[in-house]
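Here is a note for a colleague who is coming to this structure without earlier acquaintance. Please read it with the sequence and the 3D view side by side.

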Amino acid sequence: VFADVVQAPEDPILGVTVAFNKDPCPMKVNLGVGAYRTEEGKPLVLNVVRRAEQMLVNDSSRVKEYLPITGLADFNKMSAKLIFGNDSPAIQEKRVTTVQCLSGTGSLRVGAEFLARHYQQRTIYIPQPTWGNHPKVFALSGLFVKTYRYYDPATRGLNFQGLVEDLSSAPSGAVVLLHACAHNPTGVDPTVEQWEQIRQLMRSKALLPFFDSAYQGFASGNLDADAQPVRLFAADGGELLAAQSYAKNMGLYGERVGALSIVCKTADVAAKVESQLKLVIRPMYSSPPIHGASIVATILKDSEMYNEWTIELKAMADRIISMRHQLFEALRERGTPGDWTHIVKQIGMFTFTGLNTEQVAFMTKEYHIYMTSDGRISMAGLSSKTVPLLADAIHAAVTH
Ligand code: LMR
């Protein structure tokens, strides 16, 4: 009965890993998916995560009962504080509802399904470009997806004027997806002043912000600084949605831990919104898994473990920044044509190199370097050992 099913293409990001795994070359490098690697090219489990897991294993009072539909209460409370700040008035006034979801993607999906059912304006504006999964998540949730200008290929920076023009002409009430920090794939963020202008513009047009916060702590190495744009919007008392992921900043990729928060006008509205979120979640996956959220809650609740986490997080962010400088220097040494300063200017896990699809295909074929076809490289996958190979490959791609 399934004989007519056609073969689907691989995912543009996760498919890069599939192709990488098939390549027998020992020198191959995977710079596709945004996943942190050590200097030795190995996945990293943070020490503080190992410690938290050990504590959980040793605690014989722990059981494997179902979590509530909304997830682990402590996890939700601490996640809201992490993104909105310890002294957030919205939290104190109980205007925020937070539900544990399946990492960033699951949080976006639950938020989008809720909007499609309960929000009058079903159009969402997403930046051009954006993470490849965004348009699919929102369209399949029942929202109408439109784009706003974001990136300027000429400057390899922000097209702020285009962004302002497009949001100015968006219909009143439309949802706007904003990357909280370390924009994926470009690594280009608005400045603090530009964020404030975006906030004023959006509030004046009653545009509803939906933040995707997948990299808190990875952009600057500082958790509070990276949450600033979200806190700026929350501080004005208006509504917003925020999807959080612990995949990158706690290295909990496969545990699928995340949270969706919806900031409402009153505590009464927040309670009703939460009741509807439960109706979204229950038929999809019933309730979220317990293990990853317990790790996060253990770390966030304990000030000593929290401090250890911030140190390990900063070390990851610093290693990525050092990779940016090493790659930039390596291209300079080779005299590679072009201006590569954007490698050190862009922030977060990715560099949007400006290499085109043919150049990327060339680098994969000749140098066994795997990256997404839009020219994005995951700096977190690089090491001092692989920088020269990447620089050789880029040099050859732009000069051959
Ligand atoms: C990425 O963009 O590489 C990550 O967000 C991983 C993913 O799920 O695509």
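The numbered points below take up helix packing, helix faces, one loop residue and some backbone details in turn.

1. Before anything else, please keep in mind that this is a predicted model, and that residues are numbered from 1 along each chain as its sequence is written.

2. Two packed helices are described by the angle between their axes and the distance between the axes. For helix H3 (residues 73-84) and helix H12 (residues 291-301), the axes come within 9 Å and cross at roughly 55°. That angle makes H3 oblique to H12, and the crossing in which H3 passes H12 is left-handed.

3. Which residues make up the meeting of H3 with H12? From H3 come Asp 74, Phe 75, Met 78 and Leu 82, and they meet Ala 293, Val 296, Ala 297, Leu 300 and Lys 301 of H12. Sorted by class, this contact of H3 with H12 has seven nonpolar residues, no polar ones and two charged ones.

4. A second helix pair worth viewing is that of H15 (residues 357-367) and H16 (387-399). The axes of H15 and H16 come within 9 Å and cross at roughly 130°, and H15 and H16 are therefore oblique to each other. Here H15 passes H16 in a right-handed crossing, whereas the crossing of H3 with H12 is left-handed.

5. On the H15 side of this pair stand Gln 359, Phe 362, Met 363, Glu 366 and Tyr 367, while H16 contributes Leu 389, Asp 392, Ala 393, Ala 396, Ala 397 and Val 398. The residues of the contact of H15 with H16 divide by class into eight nonpolar, one polar and two charged.

6. An α-helix has 3.6 residues a turn, so residues three or four places apart point the same way. In H15 the buried residues are Val 360, Met 363 and Thr 364. They cover an arc of only 95° around the axis, and this puts them on the same side of H15. The face of H15 turned away from that buried side carries Glu 358 and Lys 365, both of them exposed. Strand S12 (369-370) and helix H16 are included in what covers the buried residues of H15, and Met 363 is also one of the H15 residues that meet H16.

7. Helix H10 (residues 228-235) can be read in a similar manner, since its buried residues are listed as Pro 229, Val 230, Phe 233 and Ala 234. Seen down the axis of H10, these residues fall within an arc of 135°, so they line one face of the helix.

8. Is Ser 384 buried or exposed? This residue, which lies in the loop between strand S13 (376-378) and H16, is exposed, because its 11 other C-beta atoms within 10 Å fall under the rule that 12 or fewer count as exposed. When its neighbours within four places in sequence are left aside, Ser 384 is in contact with Glu 39 and Gln 326. The C-alpha atoms of Ser 384 and Met 323, which are 61 residues apart along the chain, are separated by 7.1 Å.

9. Most residues other than glycine have a negative phi, and most peptide bonds are trans. The places that depart from this deserve a careful look in the view. Ser 103, in helix H5 (residues 103-118), has a positive phi near 55°, and it is buried, with 24 other C-beta atoms within 10 Å. Ala 182, in the loop between S7 and H8, likewise has a positive phi, near 50°, and is buried, with 27 other C-beta atoms within 10 Å.

10. Positive phi values also follow two of the helices discussed above. Just after H15, His 368 takes a positive phi of about 60°, and H10 is followed by Gly 237, whose phi is positive, near 85°.

11. Where are the cis peptide bonds that involve Pro 129 and Pro 185? Gln 128 and Pro 129 are joined by a cis peptide bond with omega of about 0°, and Pro 129 is found in the loop between strand S3 (123-128) and helix H6 (133-141). Asn 184 and Pro 185 are also joined by a cis peptide bond, with omega of about 15°, and Pro 185 is found in the loop between strand S7 (175-179) and helix H8 (192-204), the loop that also holds Ala 182.

Methods: This is a predicted model: local features need pLDDT of at least 70, side-chain atom pairs count only at pLDDT 80 or more; totals for chains, interfaces and linings use all residues. Axes are lines fitted to C-alpha atoms, for helices over the stretch in contact, and angles run from 0 to 180 degrees between N-to-C directions. Helices (H or I, at least four residues) and strands (E, at least two) are DSSP runs, numbered from the N terminus. Angles under 35 degrees count as roughly parallel, over 145 as roughly antiparallel, 65 to 115 as roughly perpendicular and the rest as oblique. A crossing is left-handed if the near helix is turned anticlockwise from the far one by less than a right angle, and right-handed if clockwise. Two residues are in contact if their C-beta atoms, placed from the backbone, lie within 7 Å. Ala, Val, Leu, Ile, Met, Phe, Trp, Tyr, Cys and Pro count as nonpolar, Asp, Glu, Lys and Arg as charged, and the others, Gly among them, as polar. A residue is buried if 20 or more other C-beta atoms lie within 10 Å of its own, exposed if 12 or fewer, and partly exposed in between; C-beta atoms are placed from the backbone. The arc is that of the directions from the helix axis to the C-beta atoms.
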